[in-house]
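Here is a set of short exercises for a first walk through a protein model. Try each task with the structure open, then read the steps that follow.

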Amino acid sequence: MRELIDSVHRLDGARGANAYLIEADDRSIVIDTGVPSGAKRLVAELEAARIPAITDVVLTHYDPDHVGAAAAVQRATGATVWLGAMDARILSGEVAPPTRTRRMMRRFNRPGRADLPEVTELPDDAEFEVAPGVVTIPAPGHTPGHHVVRWRGVAFIGDAGLVSKGRLIHLPAMLISDKGQADATLAAITAMRPRLVLPGHGRAGRLD
Ligand SMILES: [Zn+2]
């Protein structure tokens, strides 16, 4: 676990995607969890950390490299697991993934029962405060129910974009479910003027 900025840590245990931890007064919030095969390491890392128990896990979206270890963390800690409403329905299988590529990805990487957390839905049409000062903001494009998290000027952006040379760029087009929404989401994150951007993949960075 590495402190990136006051009270925000990157979790080294997670595999396949970046996972972060916010220490916010009496709440500890994990943002994304990596793939299922990293679950043991992630849970061990959280148990070894000298922090109050994890109270919340916010999943930016339903992809297995972000959701994968959430069920294990929930079993270990009893945390509330948050996920955007539309993505929660895709994760549960109630709604089909939005594009052909995503339907194919789903076919080859369907989560096992044990890897499905019990999810509390975030509203996809409004900001929502999951803990004091920790706000989820609908950020569709990569997936329909994607959210970013804002806390004290830090933006946790999941797969809404990557940070490159002081600006935000898109993930590969085949992974975007709606380009118009994805464009609007990147513009909205830039307009937030975050003091630090923490993406789901690649390095953290500041915007010019
Ligand atoms: Zn993703």
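**Exercise 1. Find the bridge partner of F128 in β9.**

Solution. In this predicted model, begin with the two strands concerned: β8 covers residues 128–131 and pairs with β9 in the antiparallel sense over three bridges. Now look across from F128, and you will find T136 as the bridge partner in β9. Next, take A131, which stands opposite V134 in β9. Finally, follow the chain between the strands: β8 and β9 form a hairpin with two residues between them. In that turn, G133 has a positive phi of about 85 degrees.

**Exercise 2. Work out which residue of β10 stands opposite T136, and place both strands in their sheet.**

Solution. Start with β9, residues 134–138, where four of the five residues are buried. Then go to strand β10, residues 147–151, which pairs with β9 in the antiparallel sense over four bridges. Opposite T136 you meet V149. Now widen the view: the open sheet has five strands in the order β8-β9-β10-β11-β14, with mixed pairing. At its edges stand β8 and β14 (196–199); each has a single partner strand, so one side of each is left without a neighbour in the sheet. From one strand to the next, the twist averages 25 degrees.

**Exercise 3. Give the strand order of the open sheet of seven strands, and say which strands are at its edges.**

Solution. Trace the sheet from side to side and you get β1-β2-β3-β4-β5-β6-β7, with mixed pairing. The edge strands are β1 (2–5) and β7 (119–122), each pairing on one side only. On average, neighbouring strands here are turned by 30 degrees against each other, direction ignored. For one pair in detail, choose β3 (residues 20–24) and β4 (residues 27–31): they pair in the antiparallel sense over five bridges. Within this pair, I22 has I29 in β4 as its bridge partner.

**Exercise 4. Describe how the helices α3 and α4 lie against the strands.**

Solution. Take α3 to begin with, residues 70–77. This helix packs on the sheet of seven strands and touches β4, β5 (56–59) and β6 (80–84). The direction of α3 makes about 170 degrees with that of β5. Then move to α4, residues 85–92, which lies across β6 and β7 and runs at about 105 degrees to β6. The buried residues of α4 are M86, D87, A88, I90 and L91, and they pack against α2 (64–67), β6 and β7. Just after α4 comes G93, with a positive phi of about 95 degrees.

**Exercise 5. Is P52 buried or exposed?**

Solution. First locate P52: its place is in the loop between α1 (39–48) and β5. Next, count its C-beta neighbours inside 10 Å, which gives 11. The cut-off for an exposed residue is 12 or fewer, so P52 counts as exposed. P52 still has partners from elsewhere in the chain: leaving aside neighbours within four places in sequence, P52 is in contact with D26 and S28. The C-alpha atoms of P52 and D26 are separated by 7.4 Å, although these residues are 26 apart along the chain.

**Exercise 6. Which residues of the largest nonpolar core touch the most other members?**

Solution. A general tendency gives the background: in soluble globular proteins, nonpolar side chains tend to be buried together. Here the largest nonpolar core holds 52 residues, and Y20, V57, V73, L83, V148 and F156 touch the most other members. Pick F156 as an example. Not counting residues up to four places away in sequence, F156 touches Y20, I31, V148, V149 and L198.

**Exercise 7. Does the radius of gyration of the protein chain agree or disagree with that of a compact globule?**

Solution. For 208 residues, a compact globule would have a radius of gyration near 17 Å. The protein chain has 15 Å, which agrees. To complete the picture, note that the C-alpha atoms fill a box of roughly 40 × 40 × 30 Å along the principal axes. Of the 208 residues, 45% count as buried. Among contacts with a separation of 6 or more, 64% come from residues 24 or more positions apart. The secondary structure comes to six helices and 14 strands.

Notes: Residues numbered from 1 in each chain as written. Predicted model: local features only at pLDDT ≥ 70, side-chain atom pairs only at ≥ 80, totals over all residues. Pairing = 2+ DSSP bridges. Axes fitted to C-alpha atoms, helices over the stretch in contact; angles between N-to-C directions. Contact = placed C-beta atoms within 7 Å. Buried ≥ 20, exposed ≤ 12 C-beta atoms within 10 Å, placed from the backbone. Rg over C-alpha atoms; globule rule 2.2 N^0.38 Å. Core = buried A, V, L, I, M, F, W, Y, C linked by C-beta atoms within 7 Å.
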